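Visitor: Please pick one part of this protein and go through it closely, then show how it fits with the rest. Plain terms will do.

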Amino acid sequence: MVKKILCQGYLWLLLLLLYAPIFIIMIYSFTEAKVLGNWTGFSTKLYSSLFVAGTHHSLTNALINTLSIALIAATVSTLLGSITAIGIFNLRTRARKAISFVNNIPILNGDIIIGISLFLLFVSLGIPQGYTTVVLAHITFCTPYVVLSVLPRLKQMNPNIYEAALDLGATPMQALRKVIVPEILPGMISGFMLAVTLSIDDFAVTVFTIGNEGLETLSTYIYADARKGGLTPELRPLSTIIFVLVLVLLVIINRRAGKKKEA
């Protein structure tokens, strides 16, 4: 009984440490105070000023850049990662282990190592740094995570289904589109969401590949803002909106997955 209480207490303490900062930001997003921790009364002015055209032009541009880079990188890395996972799954055991090990290296490496490596690569190839290099960099470090998301779905799939489709006259491309893709679709969706999250969250790789043409993402904007001596108050409602949207999306996906299992 005592052990159970201690375990539950530890769990709640861990959740409190994880989510308390988020809830504090959410609470103080409903006040006009410029300094976090100074409550000046309930207000939604920060939310309204966040969406007023021209008020925070650089923050809006940083948000648009972040979302567009994340969506492009996630889409491409999901396609590449899914195809790679199918290829790895169909290799022989020794080759599969070797390629899987190579795929895990970018995941185990620190972000700063990947950032410096890509920076040196782009410089040596003479590629001007900017939007394109950031997208390519994000595709590079997101793809291995998609591979890891799709591979378990392939291992759970009945291999005889693909062979049966070929025996019934389907071409390999038709069998891939109508048999394999529906089986691995949950893994592809998980990989896509993970890639979007990683891309939005990334700073180390982005700062090495963004160049000096004035391009900004949310992570580099927040870093530059913090170095000036404080954070823009509108970042609080923006963080709240992003958190709520992600939470709602996760709830919807989990409910659909639960309904499919029940069916």
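**Helix 3 and its surroundings**

Guide: Leaving aside residues up to four places away in sequence, A74 touches F192, A195 and V196. This is a predicted model, and A74 is a fair place to start reading it. A74 sits in helix 3, a helix that runs over residues 57-89. Is A74 buried or exposed? A74 counts as buried because its relative accessibility is 0%, and the cut-off for buried is under 20%. Not every residue is in contact with A74, of course. V244 is 170 residues from A74 along the sequence, and the two C-alpha atoms lie 20 Å apart.

I72 also belongs to helix 3, and its surroundings can be read in the same manner. The relative accessibility of I72 is 37%, so I72 counts as partly exposed. With residues up to four places away left out, the contacts of I72 are Y131 and V135. I222 is 150 residues from I72 along the chain, with 22 Å between their C-alpha atoms.

Now look at helix 3 from the other side of a contact. I139 is placed in helix 6, which covers residues 131-156. Which residues does I139 touch, not counting those up to four places away in sequence? They are A73, V76, S77 and L80. A general point about helices helps when reading such a list: an α-helix has 3.6 residues a turn, so residues three or four places apart point the same way. I139 and V76 are 63 residues apart in sequence, yet their C-alpha atoms are 6.7 Å apart in space. I139 has a relative accessible area of 12%, and therefore it is buried.

A database record adds labels to these stretches. In an unreviewed entry, UniProt lists residues 67-89 and 131-151 among the spans called "transmembrane region". In the model, residues 67-89 are 100% helix, with 32 Å between the end C-alpha atoms. Residues 131-151 are also 100% helix, and their end C-alpha atoms lie 30 Å apart. An unreviewed UniProt entry also gives residues 63-253 as "domain: ABC transmembrane type-1". That span is 83% helix and 0% strand, and its two end C-alpha atoms are 24 Å apart.

Next come the empty spaces beside helix 3. Rolling a probe the size of a water molecule over the atoms shows where empty space is left. The count of cavities of 30 Å³ or more comes to 1, and the largest cavity has a volume of about 40 Å³. T66, I69, H138, S199, I200, D202, T206, T217 and S219 line it. Helix 3 and helix 8 are the elements that give two or more residues to this lining. By class, the lining of the cavity has 2 nonpolar, 6 polar and 1 charged.

The largest pocket is a separate item, with a volume of about 1,100 Å³. Its lining is made up of 33 residues, and I200, L218, L238, S239 and I242 are the ones nearest its centre. Four elements appear in the list of those giving two or more residues to this lining: helix 3, helix 8 (172-201), helix 10 (218-227) and helix 11 (235-262). The most comes from helix 11, which gives 10 residues. The pocket lining divides into 25 nonpolar, 5 polar and 3 charged residues. I200 is thus one of the residues nearest the centre of the pocket and one of those lining the cavity.

Helix 10 deserves a short stop. The buried residues in helix 10 include L218 and S219. L218 is among the residues nearest the pocket centre, while S219 is among those lining the cavity. After helix 10 comes G229, with a positive phi near 115°.

Finally, the whole chain puts helix 3 in context. How many helices and strands does the protein have? It has 11 helices and 0 strands. Of its 263 residues, 31% count as buried; A74 and I139 are two buried examples. Among contacts with a separation of 6 or more, 71% are between residues 24 or more positions apart. The C-alpha trace spans about 70 × 65 × 40 Å along its principal axes. The accessible surface comes to about 16,700 Å², and 68% of it belongs to carbon and sulfur atoms.

Conventions. Residues are numbered from 1 along each chain as its sequence is written. This is a predicted model: local features need pLDDT of at least 70, side-chain atom pairs count only at pLDDT 80 or more; totals for chains, interfaces and linings use all residues. Side-chain values use heavy atoms; hydrogens and water are left out. On a 1 Å grid over the protein atoms alone, a cavity is a set of points where a 1.4 Å probe fits but cannot get out, and a pocket is an open set with protein on both sides within 12 Å along at least five of seven lines; lining residues have an atom within 4 Å of a point. Grid points are joined across faces, edges and corners, and a volume is the space filled by probe spheres set on the points. Ala, Val, Leu, Ile, Met, Phe, Trp, Tyr, Cys and Pro count as nonpolar, Asp, Glu, Lys and Arg as charged, and the others, Gly among them, as polar. UniProt positions are given in the numbering used here, feature names are shortened, and annotations may be inferred rather than shown by experiment. Buried means under 20% relative accessible area, exposed over 50%, partly exposed in between (1.4 Å probe, protein chains only). Contact means heavy atoms within 4.5 Å. Accessible areas come from the Shrake-Rupley method with a 1.4 Å probe; for residues, only the protein chains shown count as cover.
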